[in-house]
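The following exercises concern charged side chains and helix geometry. Please work through each task before reading its solution.

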Amino acid sequence: MLEEIDLFRLSHAMARHAGARQAVVAQNMANADTPGYGARDIAPFAAHLGDGPGFVARATRPGHLAGPAPGHEFEARIERDAVRDPNGNSVALETEMLRGVEAKRQHDRALALYRAGLNVLRTAIGRN
């Protein structure tokens with residue numbers, strides 16, 4: 001039942017994106033000294049909103065177009081414009097730390113959305 005409510009689908013997708021991004025950040029940090037390793041990142045969650053997992057644009061009136069079909073996972077891509085060390089590695093620990101903090105904040109936002117949705121449902125059925 002809860003998976004039918006858009007707010008819960010949104011918070012779930014946001015939490016999955018944050019988890020995937022945190023995994024990419026951890027992989028980058030683990031390979032900070034690996035020669036030739038290119039830093040990877042995932043596109044921001046906003047870029048996935050229209051076509052991300054479980055999201056399809058909804059037609060609210062005739063003439064609206066449906067978005068692409070859901071089902072693809074978040075893809076980590078090598079950053080092409082990153083500055084490389086002499087050994088070919090492009091991981092900057094400072095940048096990865098900032099990305100990790102961004103992923104944590106996004107995950108916290110997803111949990112806050114989920115809690116807010118549950119509070120609305122509890123209030124609607126009279127259980128505060």
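Three exercises with worked solutions follow.

The model is predicted: local features need pLDDT of at least 70, side-chain atom pairs count only at pLDDT 80 or more, and totals for chains, interfaces and linings use all residues. Residues are numbered from 1 along each chain as its sequence is written, and side-chain values use heavy atoms, with hydrogens and water left out.

**Exercise 1. Determine how the side chains of Arg9 and Asp6 meet, and where both residues lie.**

Step 1. The contact is a salt bridge with an N to O distance of 3.4 Å. The criterion is a side-chain nitrogen of Lys or Arg within 4 Å of a carboxyl oxygen of Asp or Glu.

Step 2. Both residues belong to helix α1 (residues 6-30), where three residues, about one turn of the helix, separate them. Helices (H or I, at least four residues) and strands (E, at least two) are DSSP runs, numbered from the N terminus.

Step 3. An α-helix has 3.6 residues a turn, so residues three or four places apart point the same way.

Step 4. Arg9 is partly exposed at 30% relative accessibility, and Asp6 is partly exposed at 32%. Here buried means under 20% relative accessible area, exposed over 50%, and partly exposed in between (1.4 Å probe, protein chains only).

**Exercise 2. Identify the salt bridges that Arg21 forms with Asp41 and Glu102, and state which parts of the chain they link.**

Step 1. In the salt bridge between Arg21 and Asp41, the closest N and O atoms are 2.9 Å apart. This pair links distant parts of the chain, with Arg21 in helix α1 and Asp41 in strand β1 (residues 40-42), 20 residues apart.

Step 2. Arg21 counts as buried because its relative accessibility is 11%; Asp41, at 15%, is buried as well.

Step 3. Glu102 also forms a salt bridge with Arg21, the closest N and O atoms being 2.9 Å apart. Glu102 lies in helix α3 (residues 93-125) and Arg21 in helix α1, so this pair ties together parts that are 81 residues apart in sequence. Glu102 is partly exposed, with a relative accessible area of 41%.

Step 4. A network of salt bridges links Arg21, Asp41, Glu96, Arg99 and Glu102. The search of the whole structure finds six salt bridges.

**Exercise 3. Compare the span of α1 with its expected value, and establish what covers its buried residues.**

Step 1. α1 has 25 residues and reaches 36 Å from its first C-alpha to its last, close to the expected 36 Å. The expected span is 1.5 Å times one less than the number of residues.

Step 2. The buried residues of α1 include Phe8, Met14, His17, Arg21 and Val25.

Step 3. Their cover includes β1, α2 (45-48), β2 (76-78) and α3, where contact means heavy atoms within 4.5 Å.
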